[in-house]
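Reader: Before I use any of these labels in my own work, I would like to hear how each of them is justified. Could we go through them one at a time?

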Amino acid sequence: MQVAQTIAAVREALDAARREARRIDLVPTMGALHAGHLSLVDAARRRGGCVVVSIFVNPTQFGPREDYHAYPRNLDADLDACRAAGVDVVFAPSVEEIYRPDRQTTIHVASVTERLCGPHRPGHFDGVALVVTKLFNIVRPHAAYFGEKDYQQLVMIRRLARDLDLDIEIVGCPIVREPDGLALSSRNAYLSAAERQRALAIYRALQKGADLVARGQRQAPALEAAMRNELLAAQVFDIDYTSVVDAETLAPVERVERPAVLAIAARIGRTRLIDNVRVE
Ligand code: AMP
């Protein structure tokens, strides 16, 4: 496995693959790798080409009062995990390598970023769009893999790729959960044992919503209220949203008639968690 810390080094590492006409598959991450990330690596590996994992805690996607400095970082453990998972190239640049102090360009995907997490994390999706575009241009992959855990991010990147004719296949991968349902997240490391227990209410609320849909409830307000009540019953009071949105456009729906996504963002203690499930 090659580890590249500069743009020049990762491009050089990929030159050989390109010369041999091997495909290149990119898994962008912020590190603190867990089984969710590794499921994306597996999906990439199944394509049989050269698998690149980027590890970069991207400062531009964190708000001033968010957890950029506290975000878990453990490059050595991440490199071991990548080696064990059969990754070919890890790109782990410094902030200075990625961002020139005098940069002027922003990338803004409208509409799909305006709801759900958008209003609660101003600037977040612009930061993601910028870093992902840069990673795409640095690595020039055939395909890139993103988790449905960050559903809004996945939808935004699909739009970005389409709107900018990037010619990169965007592959969405299912959410990996703990046996008790908690979606894996690097931020779960912040939770105390008691908070982790309370955090289970998020998936419980989503399941409750999905169960109601399966039993014929189509009204979004009723579904949203049921999810909210499930959270409140577990003493989860700091709720950013319990929403029912169109699976493709992320527009709020009044009635579930096409594929939709039930989505929740809530704070457990000081840890903001998100999760979602798809309903048909
Ligand atoms: P992050 O390091 O949190 O930026 O995540 C990197 C990628 O891993 C993103 O595409 C996430 O959606 C994906 N990911 C994170 N957690 C999970 C999970 N539990 N299941 C599937 N994918 C995930």
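Author: What follows takes the labels in turn and sets each value against its cut-off, for a model that is predicted.

Reader: Why is Tyr-99 called buried?

Author: The relative accessibility of Tyr-99 is 8%, and buried means under 20%, so Tyr-99 falls in that class. Tyr-99 lies in the loop between helix 4 (95–98) and helix 5 (124–139), and buried residues make up 53% of the 280 residues in the chain.

Reader: What makes the pair Tyr-99 and Asn-58 a polar contact?

Author: The side chains of Tyr-99 and Asn-58 are joined at 2.6 Å, and the cut-off for such a pair of N or O atoms is within 3.5 Å, so the label of polar contact applies. Asn-58 is also one of the residues that Tyr-99 touches once its neighbours within four places in sequence are left aside, and the others include Phe-56, Pro-59 and Leu-130.

Reader: How do you know that Tyr-99 and Val-131 are in contact, when their C-alpha atoms are separated by 9.2 Å?

Author: Contact means heavy atoms within 4.5 Å, so the C-alpha separation of 9.2 Å is not the value to which that cut-off is applied. Val-131, which is 32 residues away from Tyr-99 along the chain, is listed among the contacts of Tyr-99.

Reader: What makes the radius of gyration of the chain agree with that of a compact globule?

Author: For 280 residues a compact globule would have a radius of gyration near 19 Å, and the chain has 19 Å, which is why the two are said to agree. The C-alpha trace spans about 55 × 40 × 40 Å along its principal axes.

Reader: Which polar atoms of the protein lie close enough to the ligand to count as polar contacts?

Author: A polar side-chain atom of Asp-150 lies 2.6 Å from an oxygen atom of the ligand, a backbone N or O atom of Met-30 lies 2.9 Å from a ligand oxygen, and a polar backbone atom of Leu-184 is 2.8 Å from a ligand nitrogen. Each of these distances is within 3.5 Å, so each pair meets the distance cut-off. On its own the ligand has 480 Å² of accessible area, of which the protein covers 93%.

Reader: How many residues surround the ligand, and how do they divide by type?

Author: The shell holds 17 residues, which divide into nine nonpolar, six polar and two charged. Helix 2 gives the largest share of that shell, three residues.

Notes. Residues are numbered from 1 along each chain as its sequence is written. This is a predicted model: local features need pLDDT of at least 70, side-chain atom pairs count only at pLDDT 80 or more; totals for chains, interfaces and linings use all residues. Side-chain values use heavy atoms; hydrogens and water are left out. A residue is near a molecule or strand if one of its heavy atoms lies within 4 Å of it. A polar contact is a pair of N or O atoms within 3.5 Å; within protein, one must be able to donate a hydrogen and the other to accept it, and residues adjacent in sequence count only if both atoms are side-chain atoms. Accessible areas come from the Shrake-Rupley method with a 1.4 Å probe; for residues, only the protein chains shown count as cover. Helices (H or I, at least four residues) and strands (E, at least two) are DSSP runs, numbered from the N terminus. Ala, Val, Leu, Ile, Met, Phe, Trp, Tyr, Cys and Pro count as nonpolar, Asp, Glu, Lys and Arg as charged, and the others, Gly among them, as polar. The radius of gyration is taken over C-alpha atoms; the globule rule is 2.2 Å times the number of residues to the power 0.38. Buried means under 20% relative accessible area, exposed over 50%, partly exposed in between (1.4 Å probe, protein chains only).
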